[in-house]
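Please open the structure in a viewer and display side chains as sticks. The tour below proceeds by selection, stating at each stop what is to be found there.

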Amino acid sequence: MTDNVKPSSLASVAAGNANRAPGKNALGTGLEARKVHAWFGKNHVLSDISLDFAAGTVTALIGPSGCGKSTFIRTLNRMHEFIPTAAMAGEVLLDGKDIYAPGIDVTKIRLKIGMVFQKPNPFPSMTIGENVLSGLRLAQLKRSDKDQLMEECLVRAGLWNEVKDRLDAHGGSLSGGQQQRLCIARSLAVNPQVLLMDEPCSALDPGSTLRIEETIRELSETMTIIIVTHNMQQAARISDYTAFFLADGHPGVMVETGPTSEIFSNPKDKRTENYVTGRFG
């Protein structure tokens, strides 16, 4: 854990968010994980994870490195299966339907459950505008209002005012924080219900991190967001719910989950308290 802060300050930050209402736009039953296990070959890395992600909320996944947070988030849109020898068991339900059921179109699942990675990955040979709309082409989606859609996505990602006069510049010409917001805009163009974010601010400066966090809070009014973070201050600032993972021995398990204000002020498990107060991790 990198934050040099007192536990009481984290509890205060989380408590300040306690009364924020989830987004009001119902998206069905949201996303649910049921008894999820994950393996790499014979290595059982994640055991028996069940979590609900309500529509219009932000859930932070916290825990030390190697406890399975990133592996878990990748099972939620079937990216885990990209890795050789990877396997999983359990169910992941989107609006009550298992995304791992036979006959499910994986491409359509990944349109509904988008992903933003730790390292910004815009397409360097594409312009800013082309990057935003690239998902439409890859998914073979047709839109007659592409310019309007591009602007809308850049506005929602908090980037429009910074790039509106240079949309023909290459995506690689932007700063790291701007590239990450461009990747968020690219994800938004296909209108996902859920946005997964795997440590999206770990390589960014504090100012860029703040802008990403503001974007996350705004986006959560209309979609479900799940974020892996090692930054306890960030989890306290932006999330409605927090889940604490730990590889206590092996494999990784979820120790505790609940409203963020409770996890940081009154956790039920001593191991959670030790982690969020900086006694280990």
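Select Arg-271 in this predicted model. Arg-271 has a relative accessible area of 31%, and since this value falls between the 20% and 50% limits, the residue counts as partly exposed. Add Asp-269 to the selection: the two residues form a salt bridge, with 3.0 Å between the closest N and O atoms.

Next, select Glu-162 and Arg-181, another salt bridge, whose closest N and O atoms are 2.8 Å apart. Glu-162 belongs to helix α6 (residues 160-163) and Arg-181 to helix α7 (residues 176-188), so the pair joins parts that are 19 residues apart in sequence. Glu-162 is partly exposed at 32% relative accessible area, whereas Arg-181, at 1%, is buried.

Proceed to Arg-34 and Asp-52, whose side chains form a salt bridge with an N to O distance of 2.9 Å. Arg-34 lies in strand β1 (residues 31-40) and Asp-52 in strand β2 (residues 43-53), 18 residues apart. Arg-34 is partly exposed at 28%, and Asp-52 is likewise partly exposed, at 49%. Now add Glu-32, which is linked with Arg-34 and Asp-52 in a network of salt bridges. The count for the model is eleven salt bridges.

Finally, select Thr-229, in the loop between β8 (224-228) and α9 (232-238). Is Thr-229 buried or exposed? With a relative accessibility of 4%, Thr-229 is buried. The Thr-229 side chain reaches the backbone nitrogen of Asn-231 at 3.0 Å. Beyond four places away in sequence, Thr-229 touches Ala-60, Leu-61, Ile-62, Glu-199, Gln-234 and Ala-235.

Terms used. Residues numbered from 1 in each chain as written. Predicted model: local features only at pLDDT ≥ 70, side-chain atom pairs only at ≥ 80, totals over all residues. Heavy atoms only, no water. Helix = DSSP H or I, 4+ residues; strand = E, 2+ residues; numbered from the N terminus. Buried < 20%, exposed > 50% of the residue type's maximum accessible area, 1.4 Å probe, protein only. Polar contact = N/O pair within 3.5 Å; in protein donor to acceptor, adjacent residues only side chain to side chain. Contact = heavy atoms within 4.5 Å. Salt bridge = Lys/Arg side-chain N within 4 Å of Asp/Glu carboxyl O.
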